[in-house]
Amino acid sequence: MDQTKLEKSFLSLDRAFFVDDEMKQYACLDFPLPIGFGQTISQPSLVREMTRLLAPEEDSKVLEIGTGSGFQTALLAMLAAEVYTVERIERLMEKAKQRLKALTLTNICYKVGDGSKGWPEHAPYDRIMVTAAASVLPDELVDQLAVGGRMVIPVGPPDLQELKLVTKKNNGEVHVETVDIVKFVELKGKYGWTEAQP
Ligand code: SAM
């Protein structure tokens, strides 16, 4: 991927635009911030690092699970051809959509629902970015990854997870590598943690 374009796109995004008024004063700090409904926006350095690992190309079709504030979605939409983003909390999705439309990013398709099962209607995807912690690597997401594709996903218990880079080789073989230790909010749904879990 074009590292200069990643850096330029990343620096062009103002994180304050993606958080509520009371959080704007903290937006320049490299910390996760609350975005409501018990969810968070990740620290900017992690968004940049995960995007670098995902390595979207100009012609990539990207699936993103966990739209949240829309910050990561915006970065992906600036780097790739199309972004399909799924969020389970309708109100968060509405707010993210408003922001992304205000930025005139028109290559994004939105869905409210359980993204742990992906979005099969538009598969396969060249890149899959998951920004909530899965309990296991979801089979459906691996199936929806194109040959030659890459997926970045945190896998592990709610307190700390391994950040996995999943690649699908040209012969269809799937390779999984641990690239970092991270802390994300829980993925809910089929391949996440149950709705009842604290
Ligand atoms: N990338 C986002 C950003 O830039 O603001 C932050 C994402 S936040 C850490 C994780 C998001 O995943 C939350 O908004 C949460 O509601 C969502 N989420 C959790 N489980 C989900 C699921 N099964 N399907 C879709 N979204 C889910």
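How many nonpolar, polar and charged residues does the shell around the ligand have? I will start there, and I should say at once that what we are looking at is a predicted model. By class, the shell has 9 nonpolar, 12 polar and 5 charged residues, and those belong to a total of 26 residues that surround the ligand, with Ser-69, Glu-87, Asp-114, Gly-115 and Lys-188 as the closest.

Let me go through some of the contacts one by one. In the side chain of Glu-87, an N or O atom sits 2.6 Å from an oxygen atom of the ligand. With Gly-115 the backbone is involved, since one of its N or O atoms is 2.8 Å from a nitrogen atom of the ligand, and with Gly-66 there is again a polar backbone atom, in this case 3.4 Å from a ligand nitrogen. Taken alone, the ligand would expose 600 Å², and the protein buries 99% of that area. The space that the ligand takes up is the largest pocket.

Which elements give two or more residues to this shell? They are strand E2, residues 39-41, helix H3, residues 71-79, and strand E4, residues 82-87, and it is E2 that provides the largest share, with 3 residues.

Helix H3 deserves a closer look. Of its 9 residues, 8 are buried, so the helix is largely enclosed by the rest of the structure. The buried ones are Phe-71, Gln-72, Thr-73, Ala-74, Leu-75, Leu-76, Ala-77 and Leu-79.

Now to the backbone, where three places may be worth checking on your own screens. As background, most residues other than glycine have a negative phi, and most peptide bonds are trans. Here, however, the bond that joins Ala-123 and Pro-124 is cis, with omega at about 5 degrees, and Pro-124 belongs to the loop between strand E5, residues 108-112, and strand E6, residues 125-130.

The other two places have a positive phi in a residue other than glycine: Phe-37, where phi is near 60 degrees, and Ala-55, where phi is near 50 degrees. Phe-37 is in the loop that runs between strand E1, residues 33-36, and E2, while Ala-55 is in the loop between helix H2, residues 44-54, and strand E3, residues 61-65.

Are these two residues buried or exposed? Phe-37 has a relative accessible area of 49% and is partly exposed, because the exposed class begins over 50%. Ala-55, at 12% relative accessibility, counts as buried, because that value is under 20%.

Conventions. Residues numbered from 1 in each chain as written. Predicted model: local features only at pLDDT ≥ 70, side-chain atom pairs only at ≥ 80, totals over all residues. Heavy atoms only, no water. Near = heavy atom within 4 Å. Polar contact = N/O pair within 3.5 Å; in protein donor to acceptor, adjacent residues only side chain to side chain. Areas by Shrake-Rupley, 256 points an atom, 1.4 Å probe, with all protein chains shown as cover. 1 Å grid on protein atoms, 1.4 Å probe; cavity = no way out; pocket = protein on both sides within 12 Å on 5 of 7 lines; lining within 4 Å. Sits in = over half its atoms within 2 Å of the grid points. Helix = DSSP H or I, 4+ residues; strand = E, 2+ residues; numbered from the N terminus. Nonpolar A, V, L, I, M, F, W, Y, C, P; charged D, E, K, R; others polar. Buried < 20%, exposed > 50% of the residue type's maximum accessible area, 1.4 Å probe, protein only.
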